[in-house]
Amino acid sequence: MAEQDGTATPHAVCLGESMAALLPDRAGPPETVGGYRPAVGGAESNTACALAALGVPTAWIGRVGDDGFGRRLTAELAGHGVDVSAVAVDPHRPTGLFVKETGGSALPHDLGAGRSRLHYYRTGSAASTLSPPCWPIRRRPGCSTAPGCCT
């Protein structure tokens, strides 16, 4: 993670699968929606961006595919001030994706006003292979795996 290039050492590290997201341009079942807006989603990326916005030096560790969704995801997080230098790019697996369905159209198969559902497409994604050997975390001398021991 950053340090050699003069950027701050992260005080918070978010680890896990962030995904590309497709958000509908209007409410209704997926077969009736006219278009989708690309975005980034996932608890890890949302938390990392919020912490960075509060001025906390933050990094995200994850895996993305060598595809447009992965490049968009890392660029968006970096644009929010999140250190993405430890993100691995997998040349063989895609970036995970979810599609949001929003109710409230009164069309057949609608979820109902105020309801939404996420459709996940992440089986075999780059992040599905994320495991401890992938984590570029150094532990402080004498520390266990207790929270706060990573530097």
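This is a short group-meeting talk on a few side chains, the nonpolar cores and some loop residues of one structure.

Hi everyone, thanks for coming. Before we begin, please keep in mind that what you have in front of you is a predicted model.

Let's start with Thr 95. You will find Thr 95 in the loop that runs between strand S6, residues 88–90, and strand S7, residues 97–102. Is Thr 95 buried or exposed? Thr 95 is buried, and its relative accessible area is 5%. Now look at what the side chain of Thr 95 has around it. One of its polar atoms has the backbone nitrogen of Gly 65 at 2.8 Å. The backbone nitrogen of Gly 70 is also there, 3.2 Å from a polar atom of that Thr 95 side chain. If we set aside neighbours within four places in sequence, the contacts of Thr 95 include Ala 20, Val 64, Asp 67, Phe 69, Leu 73 and Ser 125. Gly 65 and Gly 70 are on that contact list too.

Staying with strand S6, let me show you Asp 90, which sits in that strand. Asp 90 counts as buried because its relative accessible area is 2%, and the cut-off is under 20%. Which side chain does Asp 90 meet in a polar contact? The partner is Arg 63, and the two side chains are joined at 2.9 Å. Beyond the residues up to four places away in sequence, Asp 90 touches Arg 63, Val 64, Gly 65, Asp 66, Ala 126 and Thr 129.

Asp 66 deserves a stop of its own. Asp 66 belongs to the loop between strand S5, residues 63–65, and H2. Take Asp 66 together with Arg 93: they are 27 residues apart in sequence, yet their C-alpha atoms are 7.6 Å apart in space. With residues up to four places away left out, Asp 66 touches Arg 71, Val 89, Asp 90, Pro 91 and Arg 93.

On to the nonpolar interior. How many residues make up the largest nonpolar core? There are 12 residues in it, among them Cys 14, Val 40, Trp 60, Val 64, Leu 73 and Val 87. Helix H1, residues 43–53, and helix H2, residues 68–79, each contribute at least two residues to this core. H1 gives the largest share, with three residues. If you want one member to click on, try Val 87: outside the residues up to four places away in sequence, Val 87 touches Trp 60, Gly 62, Val 64 and Thr 74. Another core, of five residues, lies apart from the largest one, and it includes Met 19, Ala 21, Leu 23 and Ala 39.

You may have noticed that cysteines turned up there. Both Cys 14 and Cys 49 are members of the largest core. The disulfide count, though, is zero. Why is Cys 49 not bonded to Cys 14? The sulfur of Cys 14 is the closest cysteine sulfur to that of Cys 49, but it is 8.9 Å away, so the two are too far for a bond. Each of these cysteines is buried: Cys 14 has 10% relative accessibility, and Cys 49 has 16%.

Now for the aromatics. The count here is one aromatic pair. Phe 98 and Tyr 120 form that pair, with a tilted arrangement, 5.8 Å from centre to centre and 55° between the planes. The pair links distant parts of the chain, with Phe 98 in strand S7 and Tyr 120 in strand S8, residues 116–121, 22 residues apart. Phe 98 is buried at 9% relative accessible area, whereas Tyr 120 is partly exposed at 44%. Tyr 120 has a further partner: the charged end of Arg 122 sits over its ring, 4.7 Å from the ring centre.

Last stop, the loop between S7 and S8, which holds Ala 106 and His 109. What is the sign of phi at Ala 106? It is positive, at about 65°, although Ala 106 is not a glycine. His 109 is not a glycine either, and it has a positive phi of about 75°. Ala 106 is exposed, with 77% relative accessible area, and His 109 is exposed as well, with 65%.

That's my tour, and I'm happy to take questions.

Notes:
Residues are numbered from 1 along each chain as its sequence is written. This is a predicted model: local features need pLDDT of at least 70, side-chain atom pairs count only at pLDDT 80 or more; totals for chains, interfaces and linings use all residues. Side-chain values use heavy atoms; hydrogens and water are left out. Helices (H or I, at least four residues) and strands (E, at least two) are DSSP runs, numbered from the N terminus. Buried means under 20% relative accessible area, exposed over 50%, partly exposed in between (1.4 Å probe, protein chains only). A polar contact is a pair of N or O atoms within 3.5 Å; within protein, one must be able to donate a hydrogen and the other to accept it, and residues adjacent in sequence count only if both atoms are side-chain atoms. Contact means heavy atoms within 4.5 Å. A nonpolar core is a set of buried Ala, Val, Leu, Ile, Met, Phe, Trp, Tyr and Cys residues joined through side-chain atoms within 4.5 Å. A disulfide is a pair of cysteine sulfur atoms within 2.5 Å. Rings of Phe, Tyr and Trp (its six-membered ring) pair if their centres lie within 6.5 Å; planes under 30 degrees apart count as stacked, over 60 as edge-to-face and the rest as tilted. A charge sits over a ring if NZ of Lys or CZ of Arg is within 6 Å of the ring centre and within 35 degrees of the ring normal.
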